[in-house]
Amino acid sequence: MTEACAAPTLDQERAAWAAGALWVAGVDEVGVGAMAGPVTAAAVALRPDAHLPWFADVRDSKALSVRERERLAAAIAATVPWALGWATAAEVDEVGLTEARRRAALRALQALRLSPDAVLSDALPLPVPGNVALVDADALCVSVAAASVIAKVARDAHMVALCERLPGYAFCRHKGYVTPEHKALLARRGPSPEHRRRFAPVSQLELPW
């Protein structure tokens with residue numbers, strides 16, 4: 001692992017299974033702090049009889065290297081039900097970040113090929129049955145950590161693709177997050193259609209919009 005951190009556990013999932021749930025889904029969103037690109041959510045569903053090798057290695061995506069994330073994402077996607085949900089930069093501007101996160105999370109859950117009996121989310125209450133919203137759930141719960149990995153790999157790939165569609169912003173390097181390079185390119189070129197114009201790094205620039 002690139003960063004020493006405690007491994008997430010199945011404690012919350014086991015509590016839901018003990019209460020009668022069959023499928024427990026973990027949901028997480030990435031791209032929340034970016035100033036360009038979508039918010040991307042993933043949902044990963046687990047059954048109580050699942051005992052998979054990647055359980056021992058999965059972590060919050062922020063604690064993993066690119067190679068580790070990609071390896072884990074492939075293992076997760078090959079073994080358990082999962083789905084993605086997206087909220088565009090325009091939606092973030094229109095409805096605000098919290099609602100955009102909620103929309104992306106709900107879209108990921110709706111895209112699952114099953115209806116989970118319980119849903120674990122990362123500090124984001126969701127209007128679905130059996131939801132438990134926990135602070136730092138992506139570091140604490142196996143299913144939510146797995147969702148964070150799936151979402152991060154998918155969003156990074158999306159931002160790399162934007163490099164070709166919108167050249168000149170280096171999306172393939174900073175993935176839309178606030179970096180000195182990104183801010184310099186934004187000031188030089190002005191915002192693209194993928195920039196969140198209500199975010200301070202964009203809105204506070206004196207640009208000819």
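Is Asp 136 buried, partly exposed or exposed? I'll come to that in point 3; here are my notes on this one, which is a predicted model.

1. The sheet. Start with the strands, since much of the rest hangs on them. There are five, and they make an open sheet with mixed pairing, ordered β3-β2-β1-β4-β5. At the edges sit β3 (82–87) and β5, each with a pairing partner on one side only. From one strand to the next, the twist averages 20°. If you want a place to look at the pairing itself, try β1 (residues 24–30) against β4 (residues 118–122): the two run parallel and are joined by four bridges. One residue to click on is Val 24, whose bridge partner in β4 is Ala 118. As a reminder, strands in a sheet pair through backbone hydrogen bonds, either parallel or antiparallel.

2. Helix α1. Which residues of α1 (residues 11–18) are buried? They are Glu 13, Ala 16 and Trp 17. These three span an arc of only 100° around the axis, so they end up on the same side of α1. That fits the usual helix geometry: with 3.6 residues a turn, residues three or four places apart point the same way. Asp 11 and Ala 18, on the other side of α1, are exposed. The cover over the buried residues includes the strands β1, β2 (39–46) and β4, along with helix α6 (142–165). Just past the end of α1, Gly 20 has a positive phi of about 115°.

3. Two positive phi values outside glycine. Most residues other than glycine have a negative phi, so I'd look at these two by eye. Asp 136 has a positive phi near 60°; Asp 136 belongs to the loop between β5 (131–134) and α5 (137–140). To settle the opening question, its relative accessibility is 46%, so Asp 136 counts as partly exposed. The other case is Lys 175, again with a positive phi of about 60° and again not a glycine. Lys 175 lies in the loop between α7 (171–174) and α8 (180–189). With a relative accessible area of 15%, Lys 175 is buried, because the cut-off for buried is under 20%.

4. Aromatic pairs. How many aromatic pairs does a search of the whole structure find? Two. Trp 54 and Phe 55 have ring centres 4.7 Å apart and planes at 80°, which makes the pair edge-to-face. Both partners are tucked away: Trp 54 is buried at 4% relative accessibility, and Phe 55 is buried with a relative accessible area of 12%. The other pair is Tyr 169 with Phe 171, where the centres are 5.5 Å apart and the planes at 15°, so this one is stacked. Here too the residues are buried, Tyr 169 at 7% relative accessibility and Phe 171 with a relative accessible area of 0%.

5. Arg 69. This arginine is in helix α2 (residues 66–79), and its relative accessible area of 10% means it is buried. What does Arg 69 contact, leaving aside neighbours within four places in sequence? The list is Ser 61, Leu 64, Val 149, Lys 152, Val 153 and Asp 156. Helix α6 covers residues 142–165, so Val 149, Lys 152, Val 153 and Asp 156 fall within its DSSP run.

6. Leu 106. You'll find Leu 106 in helix α4 (residues 97–111). Its relative accessibility is 19%, so Leu 106 counts as buried, given that the limit is under 20%. Setting aside neighbours within four places in sequence, Leu 106 is in contact with Leu 126, Pro 127 and Val 128. For a sense of distance, Leu 106 and Ala 6 are 100 residues apart in sequence and 28 Å apart in space, C-alpha to C-alpha.

7. Cysteines. A search of the whole structure for disulfides comes back with zero. A disulfide, for the record, is a covalent bond between the sulfur atoms of two cysteines. Among the cysteines to look at, Cys 141 is buried at 0% relative accessibility, and Cys 163 is buried too, with a relative accessible area of 17%.

Key. Residues numbered from 1 in each chain as written. Predicted model: local features only at pLDDT ≥ 70, side-chain atom pairs only at ≥ 80, totals over all residues. Heavy atoms only, no water. Disulfide = S-S within 2.5 Å. Buried < 20%, exposed > 50% of the residue type's maximum accessible area, 1.4 Å probe, protein only. Pairing = 2+ DSSP bridges. Axes fitted to C-alpha atoms, helices over the stretch in contact; angles between N-to-C directions. Arc of directions from axis to C-beta. Contact = heavy atoms within 4.5 Å. Phe/Tyr/Trp six-rings, centres within 6.5 Å; stacked < 30°, edge-to-face > 60°.
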